[in-house]
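Biologist: I'm new to this one, so could you walk me through it step by step? I'll ask, you answer.

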Amino acid sequence: MTGAMSVMHPSTMKMKGTNMPAAARWISKVTLLMFAAVLAVPDASAQEVDSALLTHPPKDSWLTYHGDYSGRRHSALTEINRGNVANLTMQWAFQTQQAQGIKSTPILHDGVLYFTIPDNIWAIDARNGRQLWRYTAPPNNAFHIGQRGVAIYKGHIYYMSTDAHLLSLDAKTGKMLWDVVVADATKGQWATLSPLVVGDHVIVSASGDFDNLQGFISAIDPQTGATQWTWYATPPAGTPKSTTGGSGWMTGTYDPELNLLYWGTGNPTPVLNGQVRPGDNLYTCSIVALNPDTGKLVWAFQPSPHDTHDWDAVETPVLVDGIFKGKPRKMLMQTSRNGYFFVLDRTDGSSLLTTPYGPVNWASGVGKNGEPIPNPAKEPAPDGRIIAPDEGGLTNFRAPSFDTKTNLFVVNASPSYSLYFSEPADGTYGWAGADYSLWSRSEIDAIDYQTGKIKWTHDLGERRGGAGVMTTDGGLVFTGDAYGNFLALDNTTGKTLWHAGSGGGIGGSPITYELDGHQVVLMAGGGVLYAWGLPQHTAASHAATKSKTAH
């Protein structure tokens, strides 16, 4: 049900059994059964998830991996705010009882949460954490590094299995409707991403950048599972004087007004041996804009031309409309793994700003097109090269957020240094070298997109964290540190306002939504999903204050 329903609990219904006629007692039993049926069946008036709902998601939902098409991961909810966040209490916790941690971003629709770990999908009641159904995939030998979630559309749940199949399941029951192969797991491909539904297209991709494989992005028919189109980042393996790679293993974003799909691609292969693949190696380590109806490339921008450090450019392409240097712009922003912050005009991919947001020493400068210029002296070599950032990057899969209240781009960053080697004996396949991280730490950085300057930093410790970031109109930044603690920070200073231990590593991103009139924050630590909210008296006080303000 989409809203709270006020009914009398059976235990409070007093019946005068000794004086009640048999027919009346029978009617009362039927009444109880009817109440039970009403409580068990979802509200038939609930709005189905279609293109209109995905374009304008309501506040009692979280319908895509990023919450909406923009990738901003910012919520307009204010019930939980700077003044009361210290009072957050746990409402419920759901234990997956699995060794793998939760890296997925849960999807919320109609009071039901859907989330994943590799080979598993759960549907649980968002009000109490009660399991509604669970799907477990057959055993497979693919790489089980993580799983980032599902998509929902017209009563279907779409899931990319570890062995790179796209599955369609009934959202109410978890029954599998169809299963289609997206990529060949026997060749070394696997999948972790959450699909993105755009129009009548389920947009998917797969990983496989350890091997010399062709990267791609595909659109699948949501009803039949048929492939509608495939865009390839690189030529087929074996093409002379070319590279392979460019897998799009993270979920992209979409602009409905421009009808453009924005996606990041991964590294070229062989990974560290760049001598056998001269040139920029398009379209690896790139941000590409595609027409979602045809798969045709509209424009591309390459954060890491001729990458030799495994710096995938799959980090979220965040879409922001605003003023840049006095002029209204439709912008795309990315904190890239290679250590640079990019601001592009997303209508044509032209550069507005390119600047480092941490230690970077691999480029000799920035070209006129805004793309960094690799320094050949910083390519891996047999005697080693000290490079900043390290192979894990200044950021990575950790979701950033754009705070529309402060106009700050907030990201979980890892300043770092690494020692890179090329190993000629490894030849032209796979990694073709080695790297060793020398030092790293974690911090939350808030970046002014107009200048690229960092406005504030929150230190997370000398250990690389995995938590994403979410901001709210309540003046808060929700994230986690490298030691398994949930955090709420002041969005203007980075000061800690609330924290709670999770009992495990944090590898996913927070979400928030309104349920039964009150705001909930959902975060995962280890294999446990936690729901947080305000005590009822605090929530009621906020509602009363809001009502007075409105009048």
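Biologist: Let's start with the rings. Which residues do ring pairs link into a cluster?

Modeller: Keep in mind that this is a predicted model. The structure holds 24 aromatic pairs. Some of those pairs join up, and the linked cluster is made of Phe301, Trp311, Tyr340, Phe342 and Trp362.

Biologist: Take another pair, Phe421 and Tyr436. How are those rings arranged, stacked or edge-to-face?

Modeller: A pair of aromatic rings is described by the distance of the centres and the angle of the planes. For Phe421 and Tyr436 the centres are 5.9 Å apart and the planes sit at 75°. An angle over 60 degrees is what counts here, so this pair is edge-to-face.

Biologist: Where in the chain do those two rings sit, and how many residues apart are they?

Modeller: Phe421 belongs to strand β30 (residues 416-422), while Tyr436 belongs to strand β31 (residues 433-440). The pair links distant parts of the chain, and the separation is 15 residues.

Biologist: And is Tyr436 buried or partly exposed?

Modeller: Its relative accessible area is 48%. Buried would need a value under 20%, and exposed one over 50%. Tyr436 therefore counts as partly exposed.

Biologist: On to charges. How many salt bridges are there?

Modeller: Side chains of opposite charge can pair when their charged atoms come close. Here the cut-off is a side-chain nitrogen of Lys or Arg within 4 Å of a carboxyl oxygen of Asp or Glu. Applied to this model, that gives a count of 15.

Biologist: What parts does the salt bridge between Lys330 and Asp255 tie together?

Modeller: The closest N and O atoms of Lys330 and Asp255 are 3.3 Å apart. The two residues are 75 apart in sequence, so the bridge ties together strand β22 (residues 327-335), which holds Lys330, and strand β16 (residues 253-255), which holds Asp255.

Biologist: Are Lys330 and Asp255 buried or exposed?

Modeller: The limit for buried is under 20% relative accessible area. Lys330 comes in at 17%, and Asp255 at 4%. With those values, Lys330 and Asp255 both count as buried.

Biologist: Which residues are linked with Asp255 in a network of salt bridges?

Modeller: Besides bridging to Lys330, Asp255 meets Arg346 at 2.8 Å, N to O. Arg346 sits in the loop between β23 (340-345) and β24 (351-356), 91 residues from Asp255. Lys330 also meets Asp321, at 3.8 Å. The residues linked with Asp255 in the network are Glu257, Asp321, Lys330 and Arg346.

Biologist: Let's look at Val318. Which residues does Val318 contact, leaving aside its neighbours within four places in sequence?

Modeller: Val318 is in strand β21 (residues 318-324) and is buried, at 0% relative accessibility. One of its contacts is Met331, which is 13 residues away in sequence and 8.2 Å away from C-alpha to C-alpha. The full set is Ser70, Gly71, Arg72, Met331, Leu332, Met333, Pro400, Phe402 and Phe409.

Biologist: Now for the strands. Which strands stand at the edges of the open sheet of five strands?

Modeller: The sheet has mixed pairing and runs in the order β1-β34-β35-β36-β37. Two of these strands have a single partner each, so one side of each is left without a neighbour in the sheet. Those edge strands are β1 (74-75) and β37 (496-501).

Biologist: In what sense do β1 and β34 pair, parallel or antiparallel?

Modeller: Strands of a sheet pair through backbone hydrogen bonds, either parallel or antiparallel. In this pair Ser75 stands opposite Thr472 in β34. Over two bridges, β1 and strand β34 (residues 470-472) pair in a sense that is parallel.

Biologist: Last thing: which element has the lowest mean pLDDT?

Modeller: The chain as a whole has a mean pLDDT of 90, and 89% of its residues reach 70 or more. Over residues 1-45, though, pLDDT is below 50. Where pLDDT is low, the predicted coordinates should not be read in detail. Strand β19 (residues 287-290) has the highest mean, 99, and the lowest, 38, belongs to helix α1 (residues 22-40).

Key
Residues are numbered from 1 along each chain as its sequence is written. This is a predicted model: local features need pLDDT of at least 70, side-chain atom pairs count only at pLDDT 80 or more; totals for chains, interfaces and linings use all residues. Side-chain values use heavy atoms; hydrogens and water are left out. Helices (H or I, at least four residues) and strands (E, at least two) are DSSP runs, numbered from the N terminus. Buried means under 20% relative accessible area, exposed over 50%, partly exposed in between (1.4 Å probe, protein chains only). pLDDT is the predictor's confidence in each residue, from 0 to 100. Contact means heavy atoms within 4.5 Å. Two strands pair if DSSP finds at least two bridges between them. Rings of Phe, Tyr and Trp (its six-membered ring) pair if their centres lie within 6.5 Å; planes under 30 degrees apart count as stacked, over 60 as edge-to-face and the rest as tilted.
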